[in-house]
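Here is a friendly walk through some strand pairing and charged side-chain contacts. Have the model open beside you as you read.

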Amino acid sequence: MAVLSQGSGRRHLVFVQCNGRNVMSSELETLRRDFGGDIIEPGGTEYESASRSILASGSPVYVLRPKTVADVQAAVGFAAGTGLPLSVRGGGHSFPGFGTNDGGVVIDLSRLANVEILDKERHLVRIGGGATWGQVAAVLAPHGLAISSGDTRSVGVGGLTLTGGIGWKVRKYGLALDSVVAAEVVTANAEVVRASAEVNPELFWAIRGGGGNFGIVTAFEFAAHPTTDVFYGKIAFPASEAATVLQGWADYLRTAPEELTSIASFANPFAGGPEAPVEIQVAFDGDDPELAAEAIDPIRRLGTAIDDDVALKPYADTLVDGATPPPGIQLVTRSAFVDKESVSEALRILTEVGASAGSPFIAVRSVGGAVSRVPDDATAYAHRRAELMFVTTVAGPQPVVEAARPALEAIWGRLAPHVNGAYANFLAAATEEDVAAIYPTATYERLAAVKRQYDPGNLFARNHNVRPR
């Protein structure tokens, strides 16, 4: 561990060993002088909790919790100057564990979580880069406002927004990143820049889908929208009806009102595996019971409904609490998109898999609608034409997860001809193949050019990494 040597009232210039590299104590001196937040080191009372993210453990040399944008600049300068690996943590839900590391620096943005309404008439909202969606919903609700985001309270605004944001209003209002109108970014040279359609437009394009490759977003400006309460809940059907229910559900979503967003899930290992009910979760964006029934009843008629708890509730209450896995439990999550012509075959394979012992948990999310009306090259999110996005998840101790991998690879091998791309927020790996799935060639090349301008040394590498061109 790196520490300053101090004695007889004088500080001594020494070299300390960090991750195999000699770091001059002057760099630590500069950090302590310029950084006004918390510096958490091994052995400190907060270190055990601060060193890990929600889905991964780590042993960083320093966890830095900035209080101000100037603190973020100092932290970035320190990481760049020392050459230590750098992780940036928002909510900490990254499946690959990007929010921590071994032997490096973690910049934890949780203290930068202010949510402020800038313009009530334009519904313009400024949100700190360390805020969570639960915090945002709580602040906006009294004003009758909302932002189309994810579906979990504790998920960070930054991580979700920078790579997408598929939530309960996605078909009506698009992705979370589609509501971003500007951002404040600390780049690799520790400068603060603004990114919008008018200022640094290429950076603005890149951060809407390109992840954390280009700097640390210390604040977002979103265009929120007025909201009422919404009709939200689940309708469950027997597992034996999965094939007909899922195909009927997908067919209906093509013509359903865009106020309706839905997720289908099945083969839940904690609810019976192959015998688990097919659960169709719905969210109708509106409080008119007749319009809601008109939109939701066709789903109720898809099969033998064995549960139906759809009810009117505040939009903020549709967000669920994120669970932290017990120590030793791993999650292997993988995702892909399905275009219209491949929906039937992909669903056939998935329902067949779901009926087999040892199936992963399977969730299928409706997209389309407002997402598909944005031009393909308007943002770095590259999957505008997809009709569905599906996710497989395996959870358990490492031996269980490893034992399941061959079968999981076989499933994905069957699906390969019928799916495309990947959604970065639901990937547990960050291989070159994963990055290529997230970013088609033209998108990647454009991102790489932006990366070279703002992070030529690839300081921000702990992500689904785009290398400087």
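Strands β5 (residues 38-40) and β6 run antiparallel, and three bridges join them. Within this pairing, Ile39 stands opposite Leu64 in β6. Please keep in mind that this is a predicted model.

Strand β6 also pairs with strand β8 (residues 105-108), here in the parallel sense and again over three bridges. In that pairing, Tyr62 stands opposite Val105 in β8.

How are the two faces of strand β6 (residues 62-65) placed, covered or open? Both are covered: Tyr62 and Leu64 are buried on one side, and Val63 and Arg65 are buried on the other.

**Salt bridges**

Turning to charged side chains, the count of salt bridges in the model comes to 31. Three of them are set out below, each with its N to O distance.

| Salt bridge | Distance, N to O | First partner, relative accessible area | Second partner, relative accessible area |
|---|---|---|---|
| Asp34 and Arg33 | 2.8 Å | Asp34, 35% | Arg33, 61% |
| Arg194 and Glu221 | 3.0 Å | Arg194, 39% | Glu221, 10% |
| Asp455 and Lys451 | 2.8 Å | Asp455, 1% | Lys451, 0% |

Let us take these pairs one at a time. The side chains of Asp34 and Arg33 meet in a salt bridge. Asp34 counts as partly exposed because its relative accessible area is 35%, whereas Arg33, at 61%, is exposed.

The side chains of Arg194 and Glu221 form another salt bridge, at 3.0 Å from N to O. This pair links distant parts of the chain: Arg194 belongs to strand β13 (residues 192-196) and Glu221 to strand β14 (residues 216-223), with the two residues 27 apart. Arg194 is partly exposed at 39% relative accessibility, while Glu221 is buried at 10%.

What about Asp455 and Lys451, are these residues buried or exposed? Asp455 counts as buried because its relative accessibility is 1%, and Lys451 is buried as well, with a relative accessible area of 0%. Their side chains meet in a salt bridge of 2.8 Å, N to O.

Salt bridges can also share partners, and in this model such sharing joins Glu46, Arg65, Arg89 and Asp108 into one network. Arg65 brings us back to strand β6, where this residue is buried on the side that also holds Val63. Strand β8, the parallel partner of β6, covers residues 105-108.

Definitions and conventions
Residues numbered from 1 in each chain as written. Predicted model: local features only at pLDDT ≥ 70, side-chain atom pairs only at ≥ 80, totals over all residues. Heavy atoms only, no water. Salt bridge = Lys/Arg side-chain N within 4 Å of Asp/Glu carboxyl O. Buried < 20%, exposed > 50% of the residue type's maximum accessible area, 1.4 Å probe, protein only. Helix = DSSP H or I, 4+ residues; strand = E, 2+ residues; numbered from the N terminus. Pairing = 2+ DSSP bridges.
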